[in-house]
Amino acid sequence: MTTGKMLPMKVKVLTIFPEMFPGFLGYSLTGKALDQGLWSLEAVNIRDYAFDKHGSVDDTPCGGGAGMIMRPDVLGTALKANYDGGRLIYMSPRGEPLTQAKVHELSRVENMTVICGRFEGIDERIIDAYNIEEVSIGDYILTGGEQAAMIMLDAVVRLLPGVLGNSESTENESFENGLLEYPQYTRPVVWDGREVPEVLLSGHHQNIARWREEKAIEITKRKRPDLLKKYLDSKKV
Ligand code: SAH
């Protein structure tokens, strides 16, 4: 019988540092969600699939150059043994940039396998053979894919049903409507001579909504003109 209930998201991570997981994902909302079974996480050690007694997973680049490349035979064997369908992602600086829209899309996936690179990355043939989707968390280089995978998973798990309480709606957050968030305040109403904007204490919902929209546009214009342009273009009919 179908209950309409979503299955928990199943995540497998392929890494040479399985002990790094769940790391910070074990804390706060994502950790609670893990304990509650709203998602599951299995860290697979790529080294377990190495062929020699040293557990070597990398070799020098063909054609020369600095650093080491993760071997396709070892990674391929690890994939064969662990990839059971679903979304297959390699964290990579040349991947599709992670955005909140992409995070939403990934939060609807039931089954995800994430490959974390180390050294100078992985042999290209693995990407070709499995038609692997590459995701980047930004235009900078990390030492490994584990950090990137954790950041991506943090954002994705946050959106899984039941992870945020009803009171913690994501609707008005930065990027959700194409704008950055408006400024937020809490008590005390006066701190160090600085007052909370009066409109927020007025109880007038329409005025508050208008003020927040104005501020969101103002802040986006100042800090991220690229986002504002996209927002205004999308409003044009
Ligand atoms: N030589 C590669 C960088 C290797 S960095 C290049 O120039 O593109 C080592 C590993 O860290 C990568 O295999 C990848 O898994 C991860 N990584 C580094 N920066 C990343 C980023 N911005 N987004 C996602 N993963 C990243």
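A residue counts as near a molecule or strand if one of its heavy atoms lies within 4 Å of it. The model is predicted, so local features need pLDDT of at least 70 and side-chain atom pairs pLDDT 80 or more, while totals for chains, interfaces and linings use all residues. Residues are numbered from 1 along each chain as its sequence is written, and side-chain values use heavy atoms, without hydrogens and water.

**Exercise 1.** State which residues come nearest to the ligand, and find polar contacts (pairs of N or O atoms within 3.5 Å).

Solution. Step 1: 19 residues surround the ligand, and Tyr90, Met91, Glu120, Gly138 and Tyr140 come nearest. Step 2: a side-chain N or O atom of tyrosine 90 lies 2.6 Å from a ligand oxygen. Step 3: polar backbone atoms serve at glycine 138, 2.9 Å from a ligand nitrogen, and at leucine 142, 3.0 Å from a ligand nitrogen.

**Exercise 2.** Decide whether aspartate 58 is buried or exposed (under 20% or over 50% relative accessible area, 1.4 Å probe, protein chains only; partly exposed in between), and look for a salt bridge (a side-chain nitrogen of Lys or Arg within 4 Å of a carboxyl oxygen of Asp or Glu).

Solution. Step 1: aspartate 58 is buried. Step 2: the nearest side chain of opposite charge, arginine 47, is 5.4 Å away, and aspartate 58 has no salt bridge. Step 3: leaving out residues up to four places away in sequence, the contacts of aspartate 58 (heavy atoms within 4.5 Å) are Met68, Ile69, Met70, Arg71 and Phe119.

**Exercise 3.** Classify the accessibility of tyrosine 83 and tyrosine 130.

Solution. Tyrosine 83 is partly exposed because its relative accessibility is 25%; tyrosine 130, at 28%, is also partly exposed.

Terms used:
Lys, Arg positive; Asp, Glu negative; His and termini not counted. Polar contact = N/O pair within 3.5 Å; in protein donor to acceptor, adjacent residues only side chain to side chain.
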